[in-house]
Every structure is written in C-alpha cells, then in structure tokens.
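Let's take a walk through this model together. Keep the 3D view open as you read, and turn it whenever a new part comes up.

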Amino acid sequence: MWERIREIVRKELRQTLREPRMRAILIGPPILQLIIFGYAVNMDVENSAIAWMDQDLTPASRELRSRFTASRYFQVVEEPASDLEAQEALDHGRARAVIRVLPGFARDLARGRTTSVQILLDGTNSNTAAIAGGQAGAIVNGYSADLLRDRMREKLVAATTASGGPVTFAIPTVSVRSRVWFNPELKSRVYFVPGIIANIVMLVTVMLTAMAIVREKEIGTMEQLMVTPIRPFELIVGKTLPFAGVGLLNMLMITVAALLVFNVPFRGSAPALLVSTILFLMTTLGAGLFISTISRTQQQAMMSSFFFFQPAFMLNGFAFPVRNMPEPVQWLTYLNPARYFMEIVRGVFLKGTGFTILWPQMAALAALGVTILLLAALRFHKRLD
Amino acid sequence: MSEPTVITDGLVKRFGDFVAVDHVSLEVTRGEIFGFLGPNGAGKSTTIRILCGLLAPTEGRATVNGFDVARDPEAVKRNIGYMSQKFSLYDDLTVEENIEFFSGVYGVPRELRAARRDYALRMAGLEEKRGSMTRLLAGGWKQRLALGCAILHEPPILFLDEPTSGVDPIARRMFWDLIYQLSAQGHTVFVSTHYMDEAEYCHRLALMYRGKVVALGSPAELKQSAGMATMEEVFVSVIEREEARQ
Amino acid sequence: MISFRRTRAVARKEFLHILRDRRSLIAALAMPLVLLMLFGYALTLDVDRIPTYVYDQDGSPESRDLIGRFRGSRYFDVRALAGSHAVIERAIDRNEVLLGVVIAPDFSKHLAAGQEAGVQLLVDGSDSNTASIALNYAEALALAYSGELRSKAMNRRGGGELKAPVEPRVRVWYNSELKSRNFIVPGLIAVILMIIAAMLTSLTIAREWESGTMEQLLSTPVRPVELLFGKLSAHFALGMLDMAIALGAGVEIFHVPMRGNVLMLFAASAIFLFGGLCWGVFLSAVARSQLLAYQTAVITTFLPAFLLSGFVFAIENMPWVVQLVTYIVPARYFVTILKGIFLKGVGLHVFWREVLFLAAYAVVLFAIAAKKLRQKVA
C-alpha cells in the first residue's frame, strides 16, 4: 500500500513542480501578501495632514501649534484663512483634520477662563479619524495639563508667600499609565504578518489540491488510475500528502520572512505552531478534496476555491476582528478553521503562548479537520465507484 | 459552370522553419466538389485556413471568388462559408439561437432571415430540435447544424474542414447528400477528409503529403494513373511512392 | 464601417452566454451580493464593547465609581472583576479580553490627599488598530473622570479656577457616527465593478479561443470593433445593474448616507466600468487560456481595487513608494469619487481631476483593446 502511495506522491510532486501555473501559485501569493500586508497596508496613524487655523496669533496659540508639529502624529499642510477654505481642505481631502484656535484664546487663558480648541475631523475613514482625533485631543489635553500645573505652581508660590509658610494644594488627579503588551510600538505589520501564514496556507493548499485532482479528471487519466489496483484511500492520501508538504513549506517560508525581514517577534512554542499547522492542513486539504468533487475542469476548481476562499478569508479575523462582528456571524466563524488557526498563529508569534493556552483552538481544528476530511473522502469514494 | 472560383498559385506557408504548405497551386471551378485528401499534418487545414482569410500566406497568391486572400480577406469572408475541423458552434446556445446569431453576423437581410432560418433547419433536419441546447445534440446533428449556419448567407463557396470526422457512416452518407444538393445549386464545395470512401464522392481531388500536392485529378483519373481499383489503394501507393522518393 | 446588426448579434450572444454559464453568473451576481453582505453587515472596523477586566486593588467608593464609568460606556464591556494580575494576563493570552484596568491599592487615599492616583491600563497590542483606539477611549475616560474630580474638589473648596484651561472640542464631519460601514460600502462599489469588468470579461474571449468558436467567428465578416462593442455592451449592462443593486442595498438596507448627486454617481461608474471592461477584453485577447486571463485579471484589478484603492486601508498611511503605485490604480480615483459623493456630498468641482483620469484611462484602454483584438483577429 505504501508503495502505491509513494508512487502517487512522487508523480504529484513532479507534475506540480513542472507546471508553471502551479509554481506560480506556490511563490506568487506568499510574496504578494507579504509585500502588501507587511509593508504596504499600514493602519498606523502617523503624520496625519492637518490644516491649522490660527485665528488668535498669539504666543499661546503658536505654542500649541508647535506641540502639534513636534509630535510625530501630525504635520501642518495648510493654513486656511477662512471657514470656506477650511471646508475646502476637508472636502478635497487635503487634510484629515482642521485644528482651529478661536480669536481670544490667549486672552481667555490669561483671564483664567476655560476655552476650547476646535478639532474638525474628516470622518470618512472612521478608524483613522478616531485615532487621529484621540491623538489631537491628547495633545490639547497635554497642553492644558501643563498650563494647569504652571498655574498651580504660581498659586502655590503666591499662597506660600502670602501665608508665610508651606501650603499644599490638594488637587486630586487620576494619572493613567498604559502598558502595551506584545506589540509595544503598535505597528500594524506585527498584527498582519503572522496572519499571512493562515491565509497563504489556506489559499495555496486548497487551490492546488483541488486543481491537481481535477486535472486528472480533465485529462482522463483518472479513469486510467481507477483501473489499477489502487484503493480510494490510497489515492486520496497520495494526492493530498504532497500539498501538505507544500503547506508546511509555505509556513516556514513566511515565518522566516517574518522574523528576518519584518522584525516580527516569535515568542511562543515552535512545536505548537508545527502541530497546529498540520491540524489546519487537515481542514484545507479536505476542503480542496471536496472542491475537486464538485468541479469538472481546472478552472472551475480554481474559481470555486476562490469563491469559497473569499468569505473564509474575510471572516477569519485577519483584518477585521471577529469580536466586532454581529452575533450570528460570530457563531458562523466557529465553523471556520482559519479563525482558530489565526488565533493560534498570533498567539504563538506575539503572545508567547503554547499548547497549554491554545489547546482549545487546536482541538477545534482537529475536530473540523476530521469532519471535513471524512465528508470529502466519502464523497470522493462515491465518485470513484 | 466552368470558371475557376478558387485559384492558388505557388502558395507557401511557413511556421518558423517548418513548411506547412509547400508551393500549392490548384484551381477549383464553380459548382465543383473539390476534395482535399491526406494524412494528418499534411497541410490540409492550413491551406483551407489561408483560403478563408484566417492565415496570411508566406509566399504565393490565392484568390477566392476573385478576391485576393492576402489583400482583401474581408471580402473573401463575405463570400464563403466555413466549417472548422473541431466543432465550433456555441454549446450553450440552442439550435435556433446559433442560427440567429450567425444570421446576424453574416448580415443576412432582415426580410430574408426567417426564410433562411427555416431553410437551414429543414436542410439539417433539425426542425423538431430547433429549441434544443446544442450541447445535447449527437455528433451528426451538430455537424449538420454547423453546415446550416455556414450557408445562411448563401455563399458561393464553402470550405469544409473534415466535416464528418467522428460521425457514424449513416450520418456521413446523409451529410454528403447535403453536399451534393448544395453543389447542384451552384455552390462550390471545398472539402477535406481522410475517409477514402468520401474521396470517391468528389468531382476532383488533390492529395497532399507533407505540404505538397502529390496527386491531382478526378477519382477516375487518379485510379487510372496509379493503376489501382479503389481510392484507398491509390492513396497508399502514392504515399509509398512519395516516401520512397525521400 | 461598423454594422449595427452584427454588433447586436454579438451582444445578444454574450447575454445568453452569461446567463447560461453558472460560473459567470456567480461572478456577476453571487459574488457582489456576498461582498455586500460581508462588508455591509458582517465586517466592521468600529471598535466598541471592548472586553475588559478590572482589577480593583482599592475597593473604595471612588474606585467603584470609576469602574462604573467603564461599565456605563458603550466602548467597554467589563466582563469581570479580576482578582489578580495573573488572571488578567491569562485572559489576555487567551484572547478573552483586550484590556485590563488595574486600580492601585492607594487610589482613594491619594485622591483624598489631593495627589496623583494611579490607574494602569494593560492592553493587548497584537491588534494595533483596536489597541490604539481602545487606549484612546480608556485614557479619555480616565481623564474625564479626573477632570470631574478636580471640579468637585474645587467646588467643595469654594472657588478657584482649577478647571482645565483648554478643552478639545471635537466635531466629526461627513461620518459623524464614525461607522466604518459608511466608508467601506461605497468603496465596495469599485470592487464589485472590477469583478464584473475584469474577471467576468476576461473570460469571454479566451473562452472563444479555447472552445474553437473564435475560429468560426473569424471566418465571418464580423469586424474586431464590432466584436469589441458587442461583448462590451453585454457586460456593461450587467455592471451597471450590479452598481444599482449595490447602491440600493447600501442606502436602503445598510443606511449608508448618500448626500451627493446620483446622476454623477452613475456617470462616474459608467466611465470606470467602461475602462475596466476594456482592460478585461484586452487581457482576454492576449492570454489564450481562460485560466491565465482570469488569474491576470484578479491580480491586476481585483486585488489592487481591494487593497490599494483606499477602499478599506487608508492610502495616506502607506509608505510613499506604495502611494506612488496607487496612482496607477484606477480604482483609487473611483473610490475617492465614491466617498466624495456618498459621504461628503461634493461634486465635480472637487473631483474633476479624478474623473478626468478615469476618462483618459477608459479612452486609452479602449484603443489598446481594439488594437489588440484587431491584431489577434487579422
């Protein structure tokens, strides 16, 4: 039996590596995704273009402006002189926000009255707007807090002098200290790159497996194979094993790229990653097998893979967190093996977790893997008969 | 009935180093059923494609109904009907839809469309099946449909490239009845085949081997000059002679 | 001369093909619908209900007050009160919570003494986007609470202007509820049109080559330009239909604001679609196999439209090299127009440059496609 399996594996590898199309699928998508998600797509909000409308033109307002320009979050690209110009800057998308200091700013401050700074955000991209808004607010708050402290000190000095002795000013404040775990610089690439492993393994193995099997049907060699003493089980194993190898190879490739090129940390257990990849492969190979039973031609196989891949890709938590999805959709993702693998991959790379924490996900993968493989194999079996 | 409608003069087609058509010169007269015989790869399909304006000749000239194939292929296309070797109508359209499409594409005048459509359906025997999906027709019916689509615009010349390959003998016989009908009506039919019995049905034949015309004449003439009784024997002896020569 | 009759015959045939081919139908109808469902309903980048654990080391009315603020905010979902750091750590490791709020044991004491009272925020930084926003909200909440304490203290003391001298007043334009769906769904139209334009169209000519029907076609008087127009018109109609469906679904079902001119929207879509269709036909003529045409189409149209057009991921955040690349992605210009029409309610005077580019793109591609088709056919 192993003889026959080995023959099929050898044939598969030879055929796959010879076909330029297959070779392209092996190399193209990983590199493409790495470039796109490791480099191009960047959700970090920095250097936002802002329009600065200073209607006060005092040292105070200029001090505030210098705080904005000194921070790495903003750069002033325009100085609109009127409401209309400010509106245009936002309408045309030249600035992400308009910061407006109203006339009388410094005077109000001097008089000890509370004044405000207007932050007009372009809400079109709500995410970047929220973050940029937060950053701008923080700068203003920081400016305000510094002013407050200066004032307090003055008062303290005045009061001490007046009373002829030490005076304490009791002002309760809540101070917040933030610690960011796993990704202290909050770089989106650290978030995306490990997830690419899940995407690529899924895309490549599903597509290649489906196409490889369908190719035999197309050419007609499947009939030829069926006449030999080979059993359905051996055929399935022989056809899927090489692509399991491909999947593991892809996983290694991307891991190496992540560590060396993108400076993504790897803090967790490598054996856990390996085992999880194998479990995940069970599900993807099963899916590929299944697709092969519903496709007559290679391009049908490819398009079906793509069509099936789309929702699985969207709903696995790669770019869009599962947590934010509507309840019914979240329930649906429990059936998506890629969801679990995504959690595992991020856990292993970023959080330094291993078997002890990730076993529920791995168990889910195993269960789904067995089910999908079984269903596909059953269907396949019927076809061969 | 005796003016030449298809004339080739020293026609050559090269693909890189490979010579597919090697100095072919022949004339086909109006109303003739001209057969093109030869083994696979002899250059029959390539010659036909050149004559249809689908390929440009490397050297030499050819005219179809007075139009030069190299200089005026569009005029040539308006004057011919073509059936390619591989069945090439639309599988996912019905019989009637295929006919409708080719009527439109051949520019059959609106007033004549219904009549031509009915004629094609009757000629092909597909009146009952006009609403059938083409994919579901048996081989013989598909060929007849393709022929029907090729004559919608009443072209003076028909080029049929192995029209009966893979079709059962009875269907083949019926198909040739149609060809005779068309010839009697004045269409010139240029047909290639590798069925020897069909060779007997042609008015005149050209035998192609490795791009060259190695025998030309009516079936009777060829049998006489080769000293053989059947076209099959003629074919074999001529090919053997050619192979010996090389 | 172009024969209208021949062109119409080709167009009618194309319609029948699309309707009868399951794959084409899926690409033409099912996929756009699935994408609409995904992006209009399932997927969102909005951050709220952040799962949080609070470790209250103080247990005073003040700390409970603060916790109450977190509970009351729609941005936070306080799942439980943790008993130790380790509990929070484990929960973060397990992806159960995103944020841990640790209130120092001397919180209330410090407050009473008028000093700084410490709150520590522990956030799971893996998802940098959500983490940034979560931190923003949490810090803002704590600051607001801090401000209130100050004012209360001042009021008790009876006087003093120790309020924060400067307050930021934030107003959000165009998308005031900050819903990610509002900017994603309009951009989705670009993606959907690209699917039709390139993926569907790229199959048409390659399929004719593969099945042999092209040869038959070539032997007829049909001209390359007629072939082009015939095929284009069928796919164009389908594309505009999809656009209308997306528009309707976006506005009626997902309540995306539509503040601009609908006619402008249709006009811009038509131009964009036309250019994309010509590209699809070009690919189909160049690549002899359907598979190759399809793959190239996906890589050159669908993917860029998805990733590099500003549809979901903001272009301004990308490295400048990549930003340069986006200038040759037509979908980028179209997404700008879409957002402008839907959210900003602006018109031609704002995005005339983008429209110009799309028109130029369409014209150039039409010329290229026609030339290529003529080449391959003659």
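Start in chain B, where β1(B) and β2(B) pair over eight bridges in the antiparallel sense. What you're looking at is a predicted model, by the way. These two strands make a hairpin, with two residues between them. Look for B:Gly16 in that turn: its phi is positive, at about 70°.

Now see what sits on the other side of β1(B). Strand β1, residues 4–15 of chain B, is also joined to strand β4, residues 59–64 of chain B, by five bridges, and this pair runs antiparallel too. B:Val6 is a handy residue for seeing both pairings. In β2(B), its bridge partner is B:Val28, while in β4(B) it stands opposite B:Val64. Step along to B:Ile7 and you'll find B:Thr63 as its bridge partner in β4(B). As you step along, it helps to know that side chains in a regular strand alternate between the two faces of the sheet.

Zoom out a little and the whole sheet comes into view. It is an open one of four strands in chain B, in the order β2-β1-β4-β5, with antiparallel pairing. Which strands are at the edges? Those are β2 (18–29) and β5 (67–68) of chain B, each of which pairs on one side only.

So much for the sheet; how does chain B meet its neighbours? With chain C there is plenty to see: 19 residues of chain B are in contact with 19 residues of chain C. On the chain B side, α2 (73–78) and α3 (95–106) each supply at least two of the touching residues. The largest share, five residues, comes from α3(B). Sorted by class, this side of chain B has nine nonpolar, four polar and six charged residues. Chain A is another story, since no contact joins chain A and chain B, and their closest C-alpha atoms lie 16 Å apart. Of the two pairs of chains that touch, chains A and C have the most contacts.

That brings us to chain C, which has 14 helices and five strands. Its radius of gyration is 28 Å, well over the 21 Å that the globule rule gives for 378 residues, so chain C is more spread out than a compact globule. Along its principal axes, the C-alpha trace of chain C spans about 95 × 45 × 40 Å. Even so, 55% of the 378 residues of chain C count as buried. Among the contacts in chain C with a separation of 6 or more, 80% are between residues 24 or more positions apart.

Next, look inside for the nonpolar cores. The largest has 246 residues, and C:Leu188 and C:Ala190 are the ones with the most contacts inside it. Helix α7 (residues 188–219) of chain A gives the most to this core, with 20 residues. Apart from it lies another core of 71 residues, including A:Trp52, A:Ala86, A:Leu109 and A:Ile131. What does C:Ala190 touch, leaving aside its neighbours within four places in sequence? Its contacts are C:Ala305, C:Ser309, C:Phe311, C:Ala331, C:Phe334, C:Val335 and C:Leu338.

Finish with chain A. Its domain assignment gives domain 1 (2–42 + 188–384) and domain 2 (48–163). Taken over C-alpha atoms, the centres of domain 1 and domain 2 of chain A are separated by 51 Å.

Methods: Residues are numbered from 1 along each chain as its sequence is written. Chains are lettered from A and ligands numbered from 1 in the order in which they are written. Two residues are in contact if their C-beta atoms, placed from the backbone, lie within 7 Å. Ala, Val, Leu, Ile, Met, Phe, Trp, Tyr, Cys and Pro count as nonpolar, Asp, Glu, Lys and Arg as charged, and the others, Gly among them, as polar. Two strands pair if DSSP finds at least two bridges between them. A nonpolar core is a set of buried Ala, Val, Leu, Ile, Met, Phe, Trp, Tyr and Cys residues joined through C-beta atoms within 7 Å. A residue is buried if 20 or more other C-beta atoms lie within 10 Å of its own, exposed if 12 or fewer, and partly exposed in between; C-beta atoms are placed from the backbone. Domain bounds come from an automatic or database domain assignment. The radius of gyration is taken over C-alpha atoms; the globule rule is 2.2 Å times the number of residues to the power 0.38.
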